[in-house]
Amino acid sequence: MSTAHWSTLPTPIGPFTAVVAADGAVLGSGWTDDPNLLTAVMSPSLRPGDLSRKRDLGEVTAAIRRYHQGELDAVDGIVVRQRSGEFMQQAWDVLRTVPAGKPVTYSDYAALAGRPAAIRAAAAACARNAAALFVPCHRVLRIGGALGGFRWGLQTKRWLLDHEATA
């Protein structure tokens, strides 16, 4: 039975919780104060058997604070662990290369992930992303600039995009 730690931090757009493995890799994260919402979207093979609250998650906590304060690349070097099929894994890795302030469309994202015709699969990769912010699915938009969906709400997605455009 694996143990993971979680912590919730206040941010300008509400509480942000991260769940990390014993080795510090982010397993789940998002704008909530309920770690169970995060474990529910993790791959079953990564779901911790035990969750322990920790005030400070070290590098992860520091990166969350720095990002929200305007240091947009603070989250880039944080290790993230997610599991799924080959395309999802590739899509999540590619998403981490989309620079802050330079959102892409779902079509662009599918092409970057190596399957230009797989627009719905690219959208599904965003929807199934358990590590929001660290895997920045908020940087993917519909053609024409419409926000599309976002697990943490369109108001949060808009704030993140505006934050990245002006920081």
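1. Let me start with threonine 61, in this predicted model. A polar atom of the threonine 61 side chain sits 2.7 Å from the backbone nitrogen of leucine 57. Threonine 61 belongs to helix H2, and its relative accessibility of 1% puts it among the buried residues, since buried means under 20%. Leaving out residues up to four places away in sequence, threonine 61 touches Leu9 and Asp56.

2. Next, the two domains. The domain assignment splits the chain into domain 1 (3-69) and domain 2 (86-165). Their C-alpha centres are 20 Å apart, and 18 residues of domain 1 make contact with 16 residues of domain 2. About 1400 Å² is buried between domain 1 and domain 2, with carbon and sulfur atoms giving 75% of that area. On the domain 1 side, Ile13, Trp31 and Tyr67 deserve a look: together they supply 47% of the area that domain 1 buries against domain 2, more than any other three residues.

3. What kinds of polar link cross this interface? The count of salt bridges between domain 1 and domain 2 is 0, while 4 residue pairs are in polar contact across the interface, both partners being at pLDDT 80 or more. Strand S3 (26-30) and helix H2 (59-68) each bring at least two residues to the side of domain 1 that touches domain 2. S3 gives the most to that side, with 5 residues. By type, the residues on that side of domain 1 comprise 12 nonpolar, 6 polar and no charged.

4. Now for the salt bridges of the whole structure, where the search finds 4. One of them joins the side chains of arginine 81 and aspartate 23, at 2.5 Å from N to O. Arginine 81 is in the loop between H2 and helix H3 (86-95), and aspartate 23 is in the loop between strand S2 (16-21) and S3, so this pair ties together parts 58 residues apart in sequence. Arginine 81 is partly exposed, with a relative accessible area of 25%, whereas aspartate 23 counts as exposed at 55% relative accessibility.

5. A further salt bridge pairs arginine 139 with glutamate 164, where the closest N and O atoms are 2.9 Å apart. This pair also links distant parts of the chain: arginine 139 lies in the loop between helix H5 (119-127) and strand S6 (140-141), glutamate 164 lies in helix H6 (residues 154-166), and the two are 25 residues apart. Are these partners buried or exposed? Both arginine 139 and glutamate 164 are buried.

6. Within helix H6 there is a salt bridge between arginine 158 and aspartate 162, with 3.1 Å between the closest N and O atoms. Arginine 158 and aspartate 162 are separated by about one helical turn, because they are 4 residues apart in helix H6. Arginine 158 is partly exposed, with a relative accessible area of 33%, and aspartate 162 is partly exposed as well, at 37%.

7. Finally, a look at tyrosine 106, which lies in helix H4 (residues 106-112). Tyrosine 106 counts as buried, because its relative accessibility is 13% and the limit for buried is under 20%. Its C-alpha is 6.4 Å from that of alanine 123, although the two residues are 17 apart in sequence. Setting aside neighbours within four places in sequence, the contacts of tyrosine 106 include Ile119, Ala122, Ala123 and Cys126. Also among them are Val140, Leu141, Arg142, Leu147, Gly148, Gly149 and Lys157.

Technical notes: Residues numbered from 1 in each chain as written. Predicted model: local features only at pLDDT ≥ 70, side-chain atom pairs only at ≥ 80, totals over all residues. Heavy atoms only, no water. Buried < 20%, exposed > 50% of the residue type's maximum accessible area, 1.4 Å probe, protein only. Contact = heavy atoms within 4.5 Å. Domains from an automatic or database assignment. Buried area = accessible area lost by both parts, 1.4 Å probe. Polar contact = N/O pair within 3.5 Å; in protein donor to acceptor, adjacent residues only side chain to side chain. Nonpolar A, V, L, I, M, F, W, Y, C, P; charged D, E, K, R; others polar.
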